[in-house]
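I opened a fresh notebook page for this structure. Here is what I looked up, entry by entry.

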Number of protein chains: 2
Amino acid sequence: MSNPEIASEREITDRAVSSFAHTPDARLRFVLQKLVAHLHRFASEVELSDAEWSKAIEFLTATGQKCDDVVRQEFILLSDVLGLSMLVDAIEHRNGVEATESTVFGPFYIAGMPYREYGENMALVPGSASLITGHVRDAAGNPLPGATLDVWQTAENGQYSGQDITQPHGNLRGRYRTDELGRYAIRSVVPVSYPIPTDGPVGQLLQAAGRHPWRPAHLHFMLDAPGHRRLVTHVFNDDDPYIESDAVFGVKDSLRAVYQPCRAGDPLAEQFDIGTDFRHASFDFTLETAA
Amino acid sequence: MSNPEIASEREITDRAVSSFAHTPDARLRFVLQKLVAHLHRFASEVELSDAEWSKAIEFLTATGQKCDDVVRQEFILLSDVLGLSMLVDAIEHRNGVEATESTVFGPFYIAGMPYREYGENMALVPGSASLITGHVRDAAGNPLPGATLDVWQTAENGQYSGQDITQPHGNLRGRYRTDELGRYAIRSVVPVSYPIPTDGPVGQLLQAAGRHPWRPAHLHFMLDAPGHRRLVTHVFNDDDPYIESDAVFGVKDSLRAVYQPCRAGDPLAEQFDIGTDFRHASFDFTLETAA
């Protein structure tokens with residue numbers, strides 16, 4: 001016996017779906033009616049008990065109450081660990097063909113960070129030196145001078161400035177611009193893997209599910225260029241132990257880059273005035289023409 | 001083209017479902033995997049946009065933050081107006097056959113309210129007098145002496161004591177017991193229809209959907225008797241203008257009762273010492289044997 005076929009339950013579902021039939025906005029009507037239908041089908045299919053429903057109410061309430069106005073957004077985190085954020089991203093980019101792939105935005109972006117020079121070091125605290133360089137191009141392969149790369153990453157303690165208030169303002173964040181040849185260069189520290197916050201309901205969910213909370217090391221990018229569609233993505237460290245099991249499903253093969261070991265005396269070190277051994281990754285971006 | 005068939009989206013869904021494959025608790029694993037599958041199918045089917053996803057995150061966050069530890073539970077309210085609460089109730093009572101039907105518990109119950117005598121008036125403030133009487137029986141029709149009826153309703157301003165802190169403690173609340181013949185009698189005021197709270201996200205949702213927030217007049221009951229399954233239900237005023245459009249879908253035909261007009265001099269008025277005209281409803285309960 002298929003549970004959703006029980007007549008009294010189907011009747012409740014029908015009544016709830018119908019209650020949204022007069023929603024003035026047609027798109028909202030469509031979305032709400034589908035939401036109710038799927039939500040009810042889920043509950044009927046798993047035969048959701050009253051006790052489980054109570055747990056869910058508690059969980060959602062705690063998730064909302066864990067959010068603050070600054071950096072903690074537990075519902076985004078929930079969406080992330082359920083794979084919903086990546087799915088919405090995929091839906092948004094159904095027709096994106098030639099561009100660099102996108103991935104989750106995450107909750108740790110801060111707008112208005114300092115503009116930085118070509119090759120400037122955005123690490124304001126010591127760490128294992130890195131350099132990432134590449135081109136930004138349009139879909140036809142033409143370089144895009146004057147594109148902006150808004151960049152952010154965690155410190156070696158796994159925390160972002162802003163989230164970790166002991167880090168200086170703007171640490172490991174900044175806005176770079178491509179030069180006249182469409183090139184960018186960012187000095188920083190090598191990104192590290194880090195756990196998403198586990199001290200809230202989402203952490204409890206992962207623990208109950210036997211899932212780890214780690215994200216593979218990555219550098220966040222938001223790219224803008226006039227006449228082109230904004231690109232939000234990460235570049236992932238190819239050799240990270242969590243590269244195949246990102247807690248938020250953000251990894252795509254095309255977004256992996258190898259951080260090659262380089263010596264203090266290498267030509268790149270001289271060019272960018274890096275006085276230590278470091279690691280260098282190379283990654284090119286392609287932006288889609290704006291619709 | 002059916003959207004969930006887009007390969008990259010199906011792959012994200014598969015990955016997210018699989019991530020819960022090692023949940024130690026088998027029931028939790030089943031529920032979480034179904035939840036993720038339904039949630040993803042919904043998003044793919046409606047082609048949920050990034051902007052809509054952001055709105056949903058905001059809405060859920062605000063819903064959690066509207067809850068307090070006392071009387072306001074906005075997530076229960078959300079579940080109620082989406083028909084989920086009634087669906088869970090129906091699932092819980094799939095095999096209940098002979099008993100009085102149940103309905104939503106609602107967020108306004110308070111435990112530990114005063115015990116009241118047979119026929120005692122639980123209205124501590126003036127209002128339009130009512131009397132409700134009936135029997136509590138088992139499924140075989142035998143009267144159940146000593147059953148407890150925990151009862152609550154709003155005042156004529158549409159608010160419950162506890163929610164409305166200007167009402168005296170225990171107003172329109174109380175625990176009655178059946179007499180040796182399984183009879184109960186409750187003096188009170190005639191229930192009124194009232195809107196669910198509309199000053200939060202759920203109110204905004206109803207407004208956007210063109211739905212009214214009204215619940216038809218009702219009296220809440222929670223019945224307990226040794227050896228029997230607890231029953232949570234309402235008795236609804238049959239003539240209420242919202243009887244066919246309860247904002248939370250709680251009405252069942254078997255739970256409607258007619259409040260008959262009675263005169264101050266009627267025998268019932270004398271029996272229960274009611275000095276004014278009043279309304280009388282009669283309603284019998286049947287409790288299921290405990291599993």
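**Entry 1: a residue in a helix**

I began with Ile57(B), which is buried, as its relative accessible area is 8%. The model I am reading is a predicted one. I placed Ile57(B) in helix H3 of chain B. Next I asked what Ile57(B) touches, leaving out residues up to four places away in sequence. I found Gln73(A), Phe75(A), Ile76(A) and Ser79(A). I also looked up the distance to Glu47(B), ten residues away along the chain, and the two C-alpha atoms are separated by 16 Å.

**Entry 2: how the two chains relate**

Those contacts made me curious about the pair of chains. Two copies of a chain are related by a rotation about an axis and a shift along it. Here, chain B superposes on chain A after a rotation of 180° with 0.0 Å of shift along the axis, and the RMSD is 0.0 Å. I noted this as the relation of a two-fold axis. In chain B, Gly64(B) has the C-alpha nearest the axis, 2.0 Å from it. I then checked the interface: 100% of the interface residues of chain B are also interface residues in chain A, so the copies meet through the same surface.

**Entry 3: helix H4 of chain B**

How many of the eight residues of helix H4 (residues 74-81) of chain B are buried? I counted eight of eight, so I wrote the helix down as mostly covered. Among the buried residues are Glu74(B) and Asp80(B), along with Phe75(B), Leu77(B) and Val81(B).

What covers them? From chain A, the cover includes helix H3 (50-66) and helix H4 (74-81). From chain B, it includes helix H3 (50-66), helix H5 (84-92) and helix H6 (201-208).

I looked at both ends of the helix too. Gln73(B) caps the N-terminal end of H4(B), with a side-chain oxygen 2.9 Å from the backbone nitrogen of Phe75(B). After H4(B) comes Gly83(B), whose phi is positive, near 80°.

**Entry 4: the nonpolar core**

In soluble globular proteins, nonpolar side chains tend to be buried together. I looked up the largest nonpolar core, which has 68 residues. Which of its members touch the most other members? They are Val81(A) and Val81(B). I listed the contacts of Val81(A), not counting residues up to four places away in sequence: Ile196(A), Val202(A), Leu205(A), Leu206(A), Arg211(A), Ala247(A), Val248(A), Phe249(A) and, from the other chain, Phe20(B).

**Entry 5: two positive phi values**

Most residues other than glycine have a negative phi. I noted two residues that go the other way. Phe249(B) has a phi near 65°, and Asp273(B) has one near 60°.

Phe249(B) sits in the loop between strand E8 (231-237) and strand E9 (256-257) of chain B. Asp273(B) is in the loop between helix H7 (267-271) and strand E11 (278-282) of chain B. Is each one buried or exposed? Phe249(B) is buried, with a relative accessible area of 8%, whereas Asp273(B) is exposed at 64%.

**Entry 6: the open sheet**

In chain A, I followed an open sheet of five strands in the order E3-E2-E7-E8-E9, with mixed pairing. Strand E3 (173-177) and strand E9 (256-257) of chain A are at the edges with a single partner strand each, so one side of each has no neighbour in the sheet. Strand E8 (residues 231-237) of chain A runs parallel to E9(A), and two bridges join them. Phe236(A) stands opposite Arg256(A) there.

In chain B, I again read the order E3-E2-E7-E8-E9 for an open, mixed sheet of five strands. Phe236(B) has Arg256(B) as its bridge partner in E9(B).

**Entry 7: a histidine in a loop**

I looked up His169(B), in the loop between strand E2 (148-152) and strand E3 (173-177) of chain B. His169(B) is exposed, with a relative accessible area of 65%. Leaving aside neighbours within four places in sequence, His169(B) is in contact with Met113(B) and Leu124(B). His169(B) and Met113(B) are 56 residues apart in sequence, yet their C-alpha atoms are 8.7 Å apart in space.

**Entry 8: a record to go with it**

Last, I checked UniProt, where an unreviewed entry places the feature "domain: Intradiol ring-cleavage dioxygenases" at residues 132-160 of chain A. Over that stretch the chain is 0% helix and 41% strand, and the end C-alpha atoms are 19 Å apart.

Key: Residues numbered from 1 in each chain as written. Chains lettered and ligands numbered in written order. Predicted model: local features only at pLDDT ≥ 70, side-chain atom pairs only at ≥ 80, totals over all residues. Heavy atoms only, no water. UniProt positions renumbered as here; feature names shortened; annotations may be inferred. Helix = DSSP H or I, 4+ residues; strand = E, 2+ residues; numbered from the N terminus. Pairing = 2+ DSSP bridges. Buried < 20%, exposed > 50% of the residue type's maximum accessible area, 1.4 Å probe, protein only. Contact = heavy atoms within 4.5 Å. Core = buried A, V, L, I, M, F, W, Y, C linked by side-chain atoms within 4.5 Å. Least-squares fit on C-alpha atoms with pLDDT ≥ 70 in both. Polar contact = N/O pair within 3.5 Å; in protein donor to acceptor, adjacent residues only side chain to side chain.
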